[in-house]
Amino acid sequence: MTALLETCGVWQRFGGLVANSDVSISVGRGEIVGLIGPNGAGKSTLFNLIAGVRPPTQGTIWLDGEDITATPATERCRRGIARTFQVVKSFETMTVIDNVIVGALVRTTEMRAARRKAFEVLEFCGLAARADVMASELIPSEKRRLEVARALATEPKLLLLDEVLTGLTPLEAQTGVELVRRVRETGVTVLMVEHVMEIVMPLVDRAIVLDLGKVLVEGKPADVVRDPKVIAAYLGDRHAVGA
Amino acid sequence: MHDVTHAKQRRRDLILAAVFVALAACVPLFVKDVYVQNIMVLTLMYAGLSQSWNILGGYCGQISLGHALYFGLGAYVTAILLTKFDVLPWFGMLTGGIISALIALALGYPTFRLGGHYFAIATIVIAEIAYLLFLNWDWAGAALGIDIMVREDSWAKFQFTRSKLPYFYFALFFAAVAWLVTWWLENSKWGYWWRAVKDNPDAAESLGVVVFKSKMGAGAISAFLTAIGGAFYAMFVSYIDPDAVMSFQFSLLIALPAVLGGIGTLWGPVLGAAVLIPVTELTRSFIGGSGRGVDLIVYGSLIVIVSLTRPDGLLGLFSRKRKKEAVQ
């Protein structure tokens, strides 16, 4: 069986800067995969390539056995990739439920069905009580959940989460972790970018560590955190000695 | 349960609009003064025009300051077809609307790639070019304009010599249709797409919204309706020239009621026109005669006061109250 998502030898150059070099990763159906790495490792660049913000300089991206390298973001959403944004991008002049309806309209043009779907997703994400509030009035952790709700309303196969757990209180982060687990239980595959290791490691099935634009290590979370190369990337070579 | 309250709110809007239309239709039974009737016609016309503008400017967030172009096109197409080809103004109106929508699509193709202020500037420039073209286009009457001879009272030719009432009822119909189109679109895929595009195009794209297509759709519908208003205006005043239908002041007058009343809202343009147009007309006729522009000072001050105290528009007065009720 082919993987749900595959990147084959993906490069991204910005002028002289190489943000991703020869990145080949794959994400299997039903997995929760963490994409981690120190700042500037190229996580967000790779994430944006998968989401379809821009085509890679070189290499191909495959979803469900189809080449989506040149497919624009809008069409990728239709094909089943949904994403959240690191800096939240709510539709501020719309209510919470209207935000989610925009997502639901990808699968239906019948307004009642879209509204019903949106409300279900809000219940799933624990935001139903805030349905009629303006998105601008939400607190930061709620806005993160709204991002997830909006993405889920598009009924994705693959959900891309960009640092949804960063900057939350421990309790909020824990709620977030449980939400991601429940999302996976509904059959959605999750690829998440995080740099807070202690939150993601217990959650993900597999971790891919990027450093300096390349895949450094890939494997079970428990193995990855003990890998000397990973420790060196995060803390510097000195700390890796004898690990 | 949630969708029931939403449906109720929408039905309430519809009933409210029907009541307004019914009340407005009765007003001429009591108000016989031609001057006042004239103001009412203009108020309704601008309510409809601003409602049309609001689809593109308010809902979709693409601020156009060149709607005089579509207004003028509607007026010119109707007047030219009628005077040169004897085509009934109803067909002229429709033709003007379709031509305007097509031109909006052709112009939108390059300009909808522009962001924010650059789009607004482009619309001003394009409308100004069209104005200059018509000013120098001999076949279309150039600066002298087109005189529509009014010979008889006729609904077919949409000409009335003695009474302003037919114009009043058409203006009411126009405003009601523009409102109804907005009401319907607001709760459609388009309405949601437009608001998403306005608030955050990147996020909209990630949710499957085809941003460019949304803007094109809004532009075409907005231009079509605006041209219908322009066609009406040509028949109402029965004389047009570039200054009378295509000058920059129309772009402002079309946009202002929506901005003043509440941009991107269903009732904003209606409320804005109901306040702004009578004030414009009254200040002009009572203190405009001084020749010192006092009317414009009053008018300008009003806009400044509203934008300082109610940046969301006059409609904010009502929604704030409603929100308080909801909290209690």
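# Group meeting talk: chains A and B

Just after helix α1 of chain A, G52(A) takes a positive phi of about 95 degrees. Hello everyone, and thanks for coming. A word of caution before we go on: what you have in front of you is a predicted model. I started at G52(A) since that residue follows α1(A), and α1(A) is a good way into the rest of chain A.

So, is α1(A) mostly covered or mostly open? Mostly covered: eight of its nine residues are buried. If you want to find them on your screen, the buried ones are K43(A), T45(A), L46(A), F47(A), N48(A), L49(A), I50(A) and A51(A).

Now let's step back to the whole of chain A. Chain A is split into two domains: domain 1 takes in 1-74, 160-168 and 191-243, and domain 2 covers 81-155. Measuring between centres over C-alpha atoms, the two domains of chain A are 26 Å apart. How many residues of each domain are in contact with the other? Nine from domain 1 of chain A and ten from domain 2 of chain A. On the domain 1 side, the elements that supply two or more residues are our friend α1 (43-51) and the strand β7 (158-162), both of chain A. β7(A) brings the largest share of that side, three residues. In terms of chemistry, the domain 1 side has six nonpolar residues, one polar and two charged.

Next, a pair of helices within chain A. Please find α3 (residues 96-104) and α4 (residues 111-124) of chain A. Their axes are 8 Å apart, and the helices pack at an angle of about 115 degrees. That angle makes α3(A) roughly perpendicular to α4(A). The crossing of these two helices is right-handed. Who meets whom here? From α3(A) we have V96(A), I97(A), V100(A), I101(A) and A104(A), and they meet a group in α4(A) that includes A114(A), A118(A), F119(A), V121(A) and L122(A). R115(A) and K117(A) are also among the α4(A) residues in this contact. By class, the contact of α3(A) with α4(A) comes to ten nonpolar residues, no polar ones and two charged ones.

Those two helices come up again when we turn to the other chain. Chain A puts 27 residues in contact with 21 residues of chain B. Which elements give two or more residues to the chain A side? They are α2 (73-79), α3 and α4 of chain A. Of these, α4(A) gives the most, with five residues. The chain A side is a mix by class: 13 nonpolar, five polar and nine charged residues.

One residue I'd like you to click on is F85(A), in the loop between β6 (81-83) and α3 of chain A. Is F85(A) buried or exposed? Buried: F85(A) has 20 other C-beta atoms within 10 Å, and 20 or more is what counts as buried. Leaving aside residues up to four places away in sequence, F85(A) touches E147(A), D162(A) and, across in the other chain, A203(B). For a sense of distance, F85(A) and D237(A) lie 152 residues apart in sequence and 32 Å apart in space, C-alpha to C-alpha.

Let me come back to phi angles for a moment. Most residues other than glycine have a negative phi. Here are two residues to look at with that in mind. D64(A) is not a glycine, and its phi is positive, near 55 degrees. D64(A) is in the loop between β4 (58-63) and β5 (66-67) of chain A, and it counts as partly exposed, with 16 C-beta neighbours inside 10 Å. E155(A) is the other one, with a positive phi near 50 degrees. E155(A) lies in the loop between α5 (140-152) and β7 of chain A, and E155(A) is partly exposed too, with 17 other C-beta atoms within 10 Å.

Last stop, chain B. There, the axes of α3 (residues 68-85) and α5 (residues 116-135) come within 9 Å and cross at roughly 30 degrees. α3(B) and α5(B) are therefore roughly parallel to each other. A68(B), L69(B), G72(B) and Y76(B) in α3(B) meet I126(B), A127(B), A130(B) and F134(B) in α5(B). That contact has seven nonpolar residues, one polar and no charged ones.

That's my tour, and I'm happy to take questions.

How values were computed. Residues numbered from 1 in each chain as written. Chains lettered and ligands numbered in written order. Predicted model: local features only at pLDDT ≥ 70, side-chain atom pairs only at ≥ 80, totals over all residues. Domains from an automatic or database assignment. Contact = placed C-beta atoms within 7 Å. Helix = DSSP H or I, 4+ residues; strand = E, 2+ residues; numbered from the N terminus. Nonpolar A, V, L, I, M, F, W, Y, C, P; charged D, E, K, R; others polar. Axes fitted to C-alpha atoms, helices over the stretch in contact; angles between N-to-C directions. Parallel < 35°, antiparallel > 145°, perpendicular 65-115°, else oblique. Left-handed = near helix turned anticlockwise from the far one by under 90°. Buried ≥ 20, exposed ≤ 12 C-beta atoms within 10 Å, placed from the backbone.
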